[in-house]
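Please open the model in your viewer and keep the selection panel at hand. The stops below move through one sheet, then its helices, then the confidence values.

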Amino acid sequence: MSGVDENQLGGMSAATPQHVGEEPPVAAAPPAPPSDRDDDRWRVALRRATSGGWAVSLGAVILAVLAGSVMIAVTDEGVQEASSYFFSRPSDTLSALGSAVGSAYAALFRGAVWDFRADDFATAIRPLLNSLNFATPLIGAGLGVALAFRAGLFNIGGRGQMLVAAAAAGWVGFGMDLPFPIHLLLAMIAGIAAGAVWSGLAGLLKATTGAHEVITTIMLNYVGFYLVSYMLATPGLLQAPGSANPKSPAMDDSAIMPDLLGPRYNLHWGFVFALLAVAFVWWLLNRSRLGFTYRAVGENPAAARVAGIDVRRTTVSVMLVAGGLIGLAGTTQVLGTVTTGFSSDIDAGIGFDAITVALLGRSNPIGVLFAAILFGAFKAGGSVMQASENVPIEIVLVVQSLIVLFIAAPPLVRAVFRLPQPEARTARKVRTRRERKEVAA
Amino acid sequence: MKLELRNITKRFGALVANDHISLTVNPGEIHCLLGENGAGKSTLMNVLYGLYTADEGEVLLDGEVQRFRGPGDAMAAGIGMVHQHFMLIPVFTVAENVMLGNEQTRGGGRLDLDAARARVSEIAARFGFHVDPDTVIEDLPVGVQQRVEIIKALSRDAKVLIFDEPTAVLTPQETDELMAIMRQLRESGAAIVFITHKLREVREVADRITVIRRGKVVGEASPTSTDAELAAMMVGRAVELTVRKDAPKISPSVFEVTDLEVRDARGTVLVDEVSFTVRGGEILVIAGVQGNGQTELTEALVGLQHDVSGSIRLNGQELRGLSVRDILEAGVGFVPEDRSTDGLVGEFTVAENLMLDRLSGPPFVKNGVLQLETLDTFATGAVDDFDIRTQGISEKVGRLSGGNQQKVVLARELSKDLKLLVAAQPTRGVDVGSIEFIHKRIVATRDAGVPVVVIATELDEAAALGDRILVMYRGRVVGIVPADTPRDVLGLMMAGIPADGTVAA
């Protein structure tokens with residue numbers, strides 16, 4: 001036995017330096033290409049950001065609103081004035097502070113949920129319906145981003161996908177002559193398909209060449225934006241005839257989504273379609289084979305591959321569906337919200353807000369619904385807050401951004417609210433597999 | 001230096017990984033820490049090494065209480081650790097790795113490599129082996145890499161050395177040499193902690209044995225204890241170390257691999273002209289030290305490798321070139337080597353994992369819709385049938401112990417309409433109780449007339465489970481021998497030396 005000493009073994013390995021035998025044991029596992037390992041890092045980050053639990057989402061919103069209060073107070077003129085003599089009469093400063101913050105959030109509430117100054121119910125409920133209207137495209141787009149998240153993909157291309165969807169839906173909407181429901185449905189299908197194609201392109205690039213979807217979707221945003229801008233500025237394509245502005249003609253009446261509650265309110269059928277999309281995505285993820293493969297690929301692509309799931313095909317497929325959902329958002333914009341013709345700012349930043357919505361909603365369809373409504377309320381209330389209390393609407397944007405920030409740092413939020421830190425769980429992710437087993441057992 | 005651990009307790013959430021563990025290691029003594037995977041050995045050593053902070057208890061060196069805030073503190077205090085997975089940088093030389101983290105510099109911040117070289121040679125000479133300080137780590141055999149780890153620890157004047165499962169990656173011969181080095185270290189007065197779950201090694205070198213089970217010290221054993229006694233302490237009851245099985249009843253089905261070659265992306269040959277035949281009702285064990293092509297071979301069998309030539313035929317049907325899904329559908333059950341990475345989705349429930357690779361149609365999928373009621377019924381039955389210890393079928397698989405996770409994989413694969421079973425290290429990281437169960441199930445599959453291929457790295461398992469043993473070395477078949485071949489012959493074969501009279505292929 002001892003005849004085989006290390007010289008013999010060493011000599012052999014030196015003779016064939018290319019061979020498997022002397023690979024270090026760690027490398028004996030199938031060597032993952034660098035891009036895969038990179039993907040792992042994204043995946044871990046993603047899972048951390050989306051797995052914080054409902055308490056963290058709620059905590060993030062509360063913290064962000066508190067931080068917003070500080071900013072409202074600091075920028076308020078009354079508070080600034082009163083603070084100049086803080087030490088002689090501190091109560092002035094405090095009451096100014098209270099009234100500034102209180103009235104700002106009261107205005108936000110009045111603009112977003114319930115107008116308590118209104119005389120009748122119909123007027124008082126108007127802000128809520130307005131919020132839902134703002135939420136409509138956020139729901140669709142948020143679902144698109146969330147679905148991709150669940151499959152481990154970052155779809156940052158919401159803007160481009162919404163724009164091409166809006167262009168396709170709009171083109172059918174003003175350019176064709178068909179009777180009412182058929183025209184609307186055809187325009188919607190065109191929009192959804194265009195969004196799907198735009199996003200599917202990024203999926204295809206990833207599946208065939210390994211190009212990272214973050215890069216490709218961002219770049220496709222630019223391509224989409226300039227493509228649509230060009231078409232809007234070119235007579236015969238999307239530009240309204242006889243106009244010099246880069247703007248499309250108004251939609252045909254037969255392609256417009258009808259108002260949901262009559263002409264008093266601007267809420268339209270797009271909201272219903274968005275709710276249907278929530279139900280669809282829920283079903284897809286929890287009840288369908290396809291959704292199961294999405295989740296499997298998102299949670300553990302290696303195990304998915306070994307189980308015979310075609311990871312590449314799944315990548316393309318999930319990006320198609322995600323793009324379709326974002327396409328729905330673009331479609332409701334042009335066929336429901338802005339029916340008088342659209343320009344290249346029709347996406348209104350929704351493609352990016354959708355990422356926040358998906359994160360806040362924990363990539364869960366129901367969560368996305370509520371997160372989108374919250375953001376819709378911010379949008380609706382923000383302008384009222386600005387108009388009546390002179391609080392800059394940017395505060396709302398800052399609050400939204402802070403929400404993302406806090407969600408990305410769940411340990412911070414847990415520490416502030418004294419929520420239990422899932423130490424074993426987060427620690428396990430950082431530690432090596434061997435140690436993880438030790439902990440799990 | 002005398003090492004003492006007093007009442008070390010470490011919790012991870014609700015899980016108590018170490019429960020008031022006390023341990024004393026004297027200079028000039030090899031103290032074995034014996035326990036199953038998951039018993040809490042590594043956690044304890046990570047506490048000792050400063051990687052974790054203990055919730056209770058203290059670490060003492062020569063009677064003084066230590067407070068380690070990281071491995072740096074532990075090393076400075078004279079504790080050295082030889083990790084199971086080497087902490088070496090593959091593209092650095094031996095000398096560079098040894099000085100890493102403890103760099104001596106000359107004027108202008110230049111590294112003093114000469115000093116490091118001299119240190120390597122001096123320490124190596126002390127133990128009577130030779131390591132070239134200028135060789136790049138990745139060019140060294142595994143056994144020599146481990147020596148570099150030892151040298152690295154000794155170069156910091158470590159008086160307490162921890163060996164964390166050091167033999168997992170070694171050939172039997174390399175293991176023997178490691179034992180010799182450990183004895184030498186003991187003679188030189190070092191205090192050695194040797195962590196393992198292999199009984200034979202324990203009896204060979206240990207002066208004292210402490211057995212840990214589920215985070216608690218269950219007792220001390222003497223090196224003269226029998227395997228059966230030690231195993232009983234580890235698992236808490238007597239276990240059958242051998243697998244009871246009858247002579248194979250050969251069935252007509254046949255799995256035939258001819259001239260199989262697997263190359264990686266760079267064109268390096270990983271599996272080199274491997275041919276074998278397994279008949280129904282027979283278990284062929286593929287043995288060898290990890291990293292000799294077994295992993296790639298099994299992956300090729302189920303379609304997970306890209307660059308494959310040769311032929312893989314199951315009952316006449318060519319499997320090479322088919323997709324993983326098609327191969328699984330042809331009736332191949334596959335237990336992957338690394339269940340947590342390749343076999344299971346940790347965040348999925350037990351039930352979801354039980355249908356993971358059975359999505360192509362009934363019973364779990366109809367018209368693209370999951371049949372959750374069917375799945376629940378099936379999963380409840382499988383949990384019973386395979387004795388999966390779980391709080392329920394909707395518990396996340398990642399929360400189960402290694403043995404129970406493996407039972408989930410096995411339940412999934414064995415409940416198919418099997419034509420072939422490929423199991424790669426089916427008992428790796430599994431507690432002894434589950435090993436017995438898993439072995440029984442594999443034998444039952446064989447007795448049902450299915451050809452079975454098992455990858456094993458431990459000779460005991462290979463000999464117990466196999467009807468025939470195929471030994472691989474550097475991607476090639478060294479030989480196929482009967483299961484009753486003596487250990488030392490198998491050991492030599494695992495080092496690439498064919499046994500006399502071996503029937504090739």
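**A tour by selection**

Begin by selecting Gly80 of chain B, whose bridge partner in β9(B) is Leu161(B). This is a predicted model, in which local features need pLDDT of at least 70, side-chain atom pairs count only at pLDDT 80 or more, and totals for chains, interfaces and linings use all residues. Residues are numbered from 1 along each chain as its sequence is written, while chains are lettered from A and ligands numbered from 1 in the order in which they are written.

Extend the selection to β6(B) and to β9(B), residues 160-164, which pair in the parallel sense over four bridges; strands here are DSSP runs of E, at least two residues long, and helices are runs of H or I of at least four, numbered from the N terminus, and two strands pair if DSSP finds at least two bridges between them.

Now show the whole open sheet of chain B, where six strands follow the order β6-β9-β10-β3-β11-β12 with mixed pairing. Its edge strands, each paired on one side only, are β6 (79-82) and β12 (216-221) of chain B.

Next, select helix α5 of chain B, residues 142-155, which packs on the sheet, touches β6 and β9 of chain B (contact: C-beta atoms, placed from the backbone, within 7 Å) and makes about 170° with the direction of β6(B). Angles run from 0 to 180 degrees between N-to-C directions, with axes fitted to C-alpha atoms, for helices over the stretch in contact.

Finally, colour chain A by pLDDT, the predictor's confidence in each residue from 0 to 100: the mean is 83, but residues 1-36 of chain A fall below 50.

How values were computed
Contact = placed C-beta atoms within 7 Å.
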